[in-house]
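This report goes through one model, starting from a single residue and working outward to the sheet, the cores and the cavity.

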Amino acid sequence: ALLLPAVQAAREAARQVQCCNHLKQLGLAALSHEEVQGYLPTGGWGAGWAGDPDHGFDPKKQPGSWIFNSLPYMEQQALHDLGLNNNQTGRSQTAATPLAVLHCPTRRSAIVYPHHYHGQAGLVNFGPVNNLIARADYAGSCGDVHQIVQYNTNPSSLAAGWGWSANYWAGLSNGNNSATGVIYLHSRLTLSQITDGTSNTYLMGEKYVDADHYFDGMTGCDDTSWNMGIDYDTVRWTDITLVSPTQDTPGYGAWHIFGSAHSNGFHMALCDGSVHMVNYTIDRETHRCLGNRKDGMTIDGKKF
């Protein structure tokens, strides 16, 4: 009885080291993507669209998530390429492939989970395998202004997506988007566009999940695959009009925020590749500023 708390604490400390290392790998993969492609991995086209290896990395062509676009930069080229040559079965297999690097071991294991898509539209270019899908415990930082994911604005086909206006794409390429983070709808962001500095800006981090629904997919922010385009499953916000980041809580649904299963805080990767444990009591304004790449605000390191 006396030893048990110490053993549990040691195990949790080891799990937190693993979780931190997973985010480190994801952050370095995103930065390698930026070095090779010239921009950070795009957030994708929107809910319902899976990563498609036939269409490269450019957000004009590539509908899949930032995680999908990072695969070749974390030694997962073969998984990335399963859907080549318009192979929908391959795209579905990618979506149903669990990866340990996408999971916090304190929360759950890297296995497949039931798929319960809560979107307003169906899946467009992939489907679950035997109604099972692989998930992720990490989300890209979309900024400090919560943008409701608009399922009904998704293109209905690849041709429709490719047909968006030149002015629309030019605005995104120049960072002229209402999203203030670094991974967002159709994003194509360079490190030089992070004017607040890479060491003062969130890149990605642990996402909050209702502790009652780790395994059943019955919450709309954790119901589908890690390779799907921009969705509550793959991005989160630091908007201070929302609730603060918090520990996973049974029965408490918060689709938009960062958080974790850890009792002492949540891990966040910054755009310089570093990973930090952030306390749940972080000053809300500091948390907001860390989610905004371009607000010009000074970060007080003591409040981090």
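Is G205 buried or exposed? In this predicted model, G205 is buried, since its relative accessible area is 0%, and the cut-off for a buried residue is under 20%.

**Surroundings of G205**

G205 sits in strand β4, which spans residues 202-206 and has five of its five residues buried. Apart from its neighbours within four places in sequence, G205 has contacts to L23, D137, Y138, A139, F258, H267 and M268. Two strands supply bridge partners for this residue: A139 is matched with G205 of β4, and G205 is in turn matched with M268 of β8. Along the chain, G205 and V278 lie 73 residues apart, while their C-alpha atoms are separated by 9.9 Å.

**The sheet**

Strand β4 belongs to an open sheet of five strands with mixed pairing, in the order β5-β3-β4-β8-β9. The edges are formed by β5 (235-236) and β9, each of which pairs on one side only. In general, the strands of a sheet are held in pairs by backbone hydrogen bonds, in a parallel or an antiparallel sense. Three of the pairings in this sheet are set out below.

| Strand pair | Residues | Sense | Bridges |
|---|---|---|---|
| β3 and β4 | β3: 138-141 | antiparallel | three |
| β4 and β8 | β8: 266-270 | antiparallel | three |
| β8 and β9 | β9: 275-278 | antiparallel | four |

Between β4 and β8, M204 has A269 as its bridge partner. A269 also has a partner in β9, namely V275. The link from β8 to β9 is a hairpin with four residues between the strands, and G273 in the turn has a positive phi of about 95 degrees.

How many residues of β8 are buried? The count is five of its five residues. Both faces of this strand are covered: F266, M268 and L270 are buried on one side, and H267 and A269 are buried on the other.

**Helix α7**

Helix α7, residues 284-291, is mostly covered, with six of its eight residues buried. The buried residues of α7 are T286, H287, R288, C289, L290 and G291. Among the elements that cover them are β3, β4 and β8.

**Nonpolar cores**

As a general tendency in soluble globular proteins, nonpolar side chains are buried together. The largest nonpolar core in the model has 42 residues, and those that touch the most other members are L26, L102, V182, L203, M204 and W226. Elements giving two or more residues to this core are α1 (3-37), α2 (66-70) and β4. Helix α1 provides the largest share, six residues. M204, already met as the bridge partner of A269, is also among the contacts of L26. Leaving out neighbours within four places in sequence, L26 is in contact with W66, M74, V101, L102, Y138 and M204. A second, separate core has twelve residues, including Y202, F258, L270 and V278. F258 is one of the contacts of G205, and L270 is one of the buried residues of β8.

**The cavity**

How many cavities of 30 Å³ or more does the structure hold? There is one, and the space in the largest cavity is about 70 Å³. Its lining is made up of W237, T238, D239, I240, L242, V243, S244, P245, I257, R284 and H287. By type, the lining residues divide into six nonpolar, three polar and two charged. H287 of the lining is also one of the buried residues of α7.

**Summary**

G205 is buried in strand β4, with bridge partners A139 and M268. Strand β4 pairs with β3 and with β8, and β4 also gives two or more residues to the largest nonpolar core. Strand β8 in turn pairs with β9, which is an edge strand of the sheet.

Terms used: Residues are numbered from 1 along each chain as its sequence is written. This is a predicted model: local features need pLDDT of at least 70, side-chain atom pairs count only at pLDDT 80 or more; totals for chains, interfaces and linings use all residues. Side-chain values use heavy atoms; hydrogens and water are left out. Buried means under 20% relative accessible area, exposed over 50%, partly exposed in between (1.4 Å probe, protein chains only). Two strands pair if DSSP finds at least two bridges between them. On a 1 Å grid over the protein atoms alone, a cavity is a set of points where a 1.4 Å probe fits but cannot get out, and a pocket is an open set with protein on both sides within 12 Å along at least five of seven lines; lining residues have an atom within 4 Å of a point. Grid points are joined across faces, edges and corners, and a volume is the space filled by probe spheres set on the points. Ala, Val, Leu, Ile, Met, Phe, Trp, Tyr, Cys and Pro count as nonpolar, Asp, Glu, Lys and Arg as charged, and the others, Gly among them, as polar. A nonpolar core is a set of buried Ala, Val, Leu, Ile, Met, Phe, Trp, Tyr and Cys residues joined through side-chain atoms within 4.5 Å. Contact means heavy atoms within 4.5 Å.
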